[in-house]
Amino acid sequence: MDSKELLNLIRFVAKAGVSEVKYKTKDFEINIKTPLAGSEAVSYVPQPVAYQAPAAAPVAAPAAATATETKTESTSDDSKYITIKSPMIGTFYRKPSPDKDVFVNVGSEVKSDTVVCVIEAMKLFNQIEAEVSGKIVKILVDDASPVEYDQPLFLVDPS
């Protein structure tokens, strides 16, 4: 089974909503486990505690409003871009090997078959193709970082 077939199998299992799939041939055996179908994965994300400033310091409220406005503006700017998402869980790498150049940088033109990164999963290095044409405007993941299924990796300007 090559990496494309393995990638398609993982995508199928993720979309099918099953909790476990075992696939066995005379040459190899693979076991894919996901969270239980229909149940939500529970994760704990610590929330920041709001600081209560003394009554004499009314400066915190305007600063918070400005940060919210800036975040809203950047979110609306990103809506015109296409997101390349991770098709699997694994470790994201921008280079094919440590001694090679990165696949793409901000400003790089990509086509649908351009390899933009590799994701290592279970000692297999899977080449991830852009699947869209355009220009890379933002790289959303640091090199050698773990990524989740469907996590945004790149923003592409299709124009």
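**Exercise 1. The nonpolar core**

Task: In this predicted model, find which residues have the most contacts inside the largest nonpolar core, and which elements supply it.

Solution.
- Start with the set itself. The largest nonpolar core holds 25 residues.
- Rank by contacts inside it. Val-116, Cys-117, Leu-153 and Phe-154 have the most.
- Now assign elements. Two or more residues each come from α1 (3-16), β2 (29-33), β6 (115-121) and β10.
- Pick out the top contributor. α1 gives the most, with five residues.
- Place this in context. Nonpolar side chains in soluble globular proteins tend to be buried together.
- Compare with the whole chain. Of its 159 residues, 23% are buried.

**Exercise 2. Phe-154 and its aromatic partner**

Task: List what Phe-154 touches beyond four places in sequence. Then describe the geometry of its pair with Phe-92.

Solution.
- Collect the contacts. Phe-154 touches Ile-82, Thr-83, Ile-84, Phe-92, Val-104, Val-116, Cys-117, Ile-136, Lys-138, Ile-139 and Leu-140.
- Count the aromatic pairs in the model. There are two.
- Take Phe-92 with Phe-154. Their ring centres are 5.9 Å apart, and the planes make an angle of 55°.
- Classify the angle. Stacked needs under 30 degrees and edge-to-face over 60, so 55° counts as tilted.
- Locate the partners. Phe-92 sits in strand β4 and Phe-154 in strand β10, so the pair ties together parts 62 residues apart in sequence.
- Check burial. Phe-92 and Phe-154 are both buried.

**Exercise 3. The other aromatic pair**

Task: Describe the pair of Tyr-93 and Phe-125. Is Phe-125 buried or exposed?

Solution.
- Read the geometry. Tyr-93 and Phe-125 are tilted, at 6.1 Å centre to centre and 40° between the planes.
- Locate the residues. Tyr-93 belongs to strand β4 and Phe-125 to strand β7 (residues 124-129), 32 residues apart.
- Apply the cut-offs. Buried means under 20% relative accessible area, and exposed means over 50%.
- Take Tyr-93. Its relative accessible area is 25%, so Tyr-93 is partly exposed.
- Take Phe-125. Its value is 51%, so Phe-125 is exposed.

**Exercise 4. Thr-91 in strand β4**

Task: Classify Thr-91 by accessibility and name its contacts beyond four places in sequence.

Solution.
- Find the element. Thr-91 lies in strand β4 (residues 90-93).
- Test the cut-off. The relative accessible area of Thr-91 is 19%, so this residue is buried.
- List the contacts. Thr-91 touches Val-118, Ile-119, Glu-120, Ala-144, Ser-145 and Pro-146.

**Exercise 5. The four-stranded sheet**

Task: Give the strand order of the open four-stranded sheet. Which strands stand at its edges?

Solution.
- Write the order. The sheet runs β3-β10-β8-β5, with antiparallel pairing.
- Find the edges. β3 (82-85) and β5 (109-110) each have a single partner strand, so one side of each lacks a neighbour in the sheet.
- Recall the link between strands. Sheet strands pair through backbone hydrogen bonds.
- Take β5 with β8 (residues 134-139). Two bridges join this antiparallel pair. Val-110 has Gly-134 as its bridge partner in β8.
- Take β8 with β10 (residues 152-157). Four bridges join these antiparallel strands. Lys-135 has Asp-157 as its bridge partner in β10.

**Exercise 6. The chain as a whole**

Task: State the order of elements along the sequence and the share of long-range contacts.

Solution.
- Count the elements. The chain has two helices and ten strands.
- Read them in order: α-β-β-α-β-β-β-β-β-β-β-β.
- Turn to contacts between residues at least 6 apart in sequence. Of these, 53% join residues at least 24 apart.
- Finish with the surface. About 11,400 Å² is exposed, and carbon and sulfur atoms supply 54% of it.

Terms used
Residues are numbered from 1 along each chain as its sequence is written. This is a predicted model: local features need pLDDT of at least 70, side-chain atom pairs count only at pLDDT 80 or more; totals for chains, interfaces and linings use all residues. Side-chain values use heavy atoms; hydrogens and water are left out. Buried means under 20% relative accessible area, exposed over 50%, partly exposed in between (1.4 Å probe, protein chains only). Contact means heavy atoms within 4.5 Å. Accessible areas come from the Shrake-Rupley method with a 1.4 Å probe; for residues, only the protein chains shown count as cover. Two strands pair if DSSP finds at least two bridges between them. A nonpolar core is a set of buried Ala, Val, Leu, Ile, Met, Phe, Trp, Tyr and Cys residues joined through side-chain atoms within 4.5 Å. Rings of Phe, Tyr and Trp (its six-membered ring) pair if their centres lie within 6.5 Å; planes under 30 degrees apart count as stacked, over 60 as edge-to-face and the rest as tilted.
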